[in-house]
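Biologist: Please show the model and its sequence, and then let us discuss the ligand site and the enclosed space.

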Amino acid sequence: MTAYGQSVNSLSTIEYITQDMSVSWPELNEDIRRLESKVDLIFSNFCFHYFNDKSQLLSQCRRLLATGGCIQAVSLLQHDLNQKLPANARKEWCLSINQQMDVWRRALKGNGFAIDVFECEDETYPMNRQQIIAFLPVIIATLKSKFETNEQFVSETRGLEDIMFDTMCNPVADWPNPNAWTQFLANKDVNEVVIRSKVLRLVCHKN
Ligand SMILES: C[S@@+](CC[C@H](N)C(=O)[O-])C[C@H]1O[C@@H](n2cnc3c(N)ncnc32)[C@H](O)[C@@H]1O
């Protein structure tokens, strides 16, 4: 993404830095730490959902922002797989949409942010067959940050494609289809699907 940014906008006034923002403050690149208390705007498009620890993320943002500086972000909320799973198969790491909004609320409050916009919106994304086949593994990969080891991630998400696909395409259905993905893959006549996601729109500022 950094390389892409550079390729489409190489103005000399823009500096691109690639940085894992989930690390602790002392581990951040010196060029980023130098911006402490100087940043006016942190803009993030579909990136914050990769951060498991929202409070740690917001604490880094707060440290970077100048007083009055703001965050404008759009972030996916994770699909609520548990509403489709039988009681004995529910995942304790999978939060409902309300629980995820609460996590965000607490993290914002805990880091002293004033909230200007805090909305959960329904988004729909029509996708062709090729796109969804490429996208489903990406969505499952966003769960990685919930686990300490790759082995845990692999074991907890093994065989999750059916329930994930069913939740994404048919989130309000009372009755789950435990073979949704397998059936989709087998039926080559289905060329388009519509994915539904909940998206958090956030604008907040540092007082
Ligand atoms: C879905 S892409 C969105 C990219 C871009 N904002 C856009 O709108 O096209 C998510 C981006 O989040 C970045 N990302 C994920 N985890 C990150 C982390 N810990 N620190 C920094 N960036 C991260 C990925 O590298 C990827 O570029």
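The exchange below treats the chain, the ligand, the pocket and the cavity in turn.

Modeller: This is a predicted model, in which local features need pLDDT of at least 70 and side-chain atom pairs count only at pLDDT 80 or more, while totals for chains, interfaces and linings use all residues. Residues are numbered from 1 along each chain as its sequence is written, and side-chain values use heavy atoms, with hydrogens and water left out.

Biologist: How many helices and strands does the chain have?

Modeller: Helices (H or I, at least four residues) and strands (E, at least two) are DSSP runs, numbered from the N terminus. In that direction the elements run α-α-β-α-β-α-β-α-α-α-α-β. The chain thus has eight helices and four strands.

Biologist: Which polar side-chain atom lies 2.8 Å from an oxygen atom of the ligand?

Modeller: A polar contact is a pair of N or O atoms within 3.5 Å; within protein, one must be able to donate a hydrogen and the other to accept it, and residues adjacent in sequence count only if both atoms are side-chain atoms. A ligand nitrogen is 2.8 Å from an N or O atom in the side chain of Asp20, and a ligand nitrogen is 2.9 Å from a polar backbone atom of Met21. For the ligand oxygen, the partner at 2.8 Å is a side-chain atom of Asn45.

Biologist: Which space does the ligand take?

Modeller: On a 1 Å grid over the protein atoms alone, a cavity is a set of points where a 1.4 Å probe fits but cannot get out, and a pocket is an open set with protein on both sides within 12 Å along at least five of seven lines; lining residues have an atom within 4 Å of a point. A molecule sits in either if more than half of its atoms lie within 2 Å of its grid points. The ligand takes the largest pocket.

Biologist: Which element supplies the largest share of the lining of the largest pocket?

Modeller: The lining has 30 residues, and Ile17, Met21, Phe43, Ser44 and Cys47 lie nearest the pocket centre. At least two lining residues come from each of α1 (2-8), β1 (39-45) and α3 (54-64). The largest share, seven residues, comes from β1.

Biologist: What is the volume of the largest cavity?

Modeller: One cavity of 30 Å³ or more is found in the whole structure, and His49, Leu76, Leu77, Gln78, His79, Ile139, Thr142 and Met164 line the largest cavity. Grid points are joined across faces, edges and corners, and a volume is the space filled by probe spheres set on the points. The largest pocket has about 1,400 Å³. For the largest cavity, the volume is about 70 Å³.
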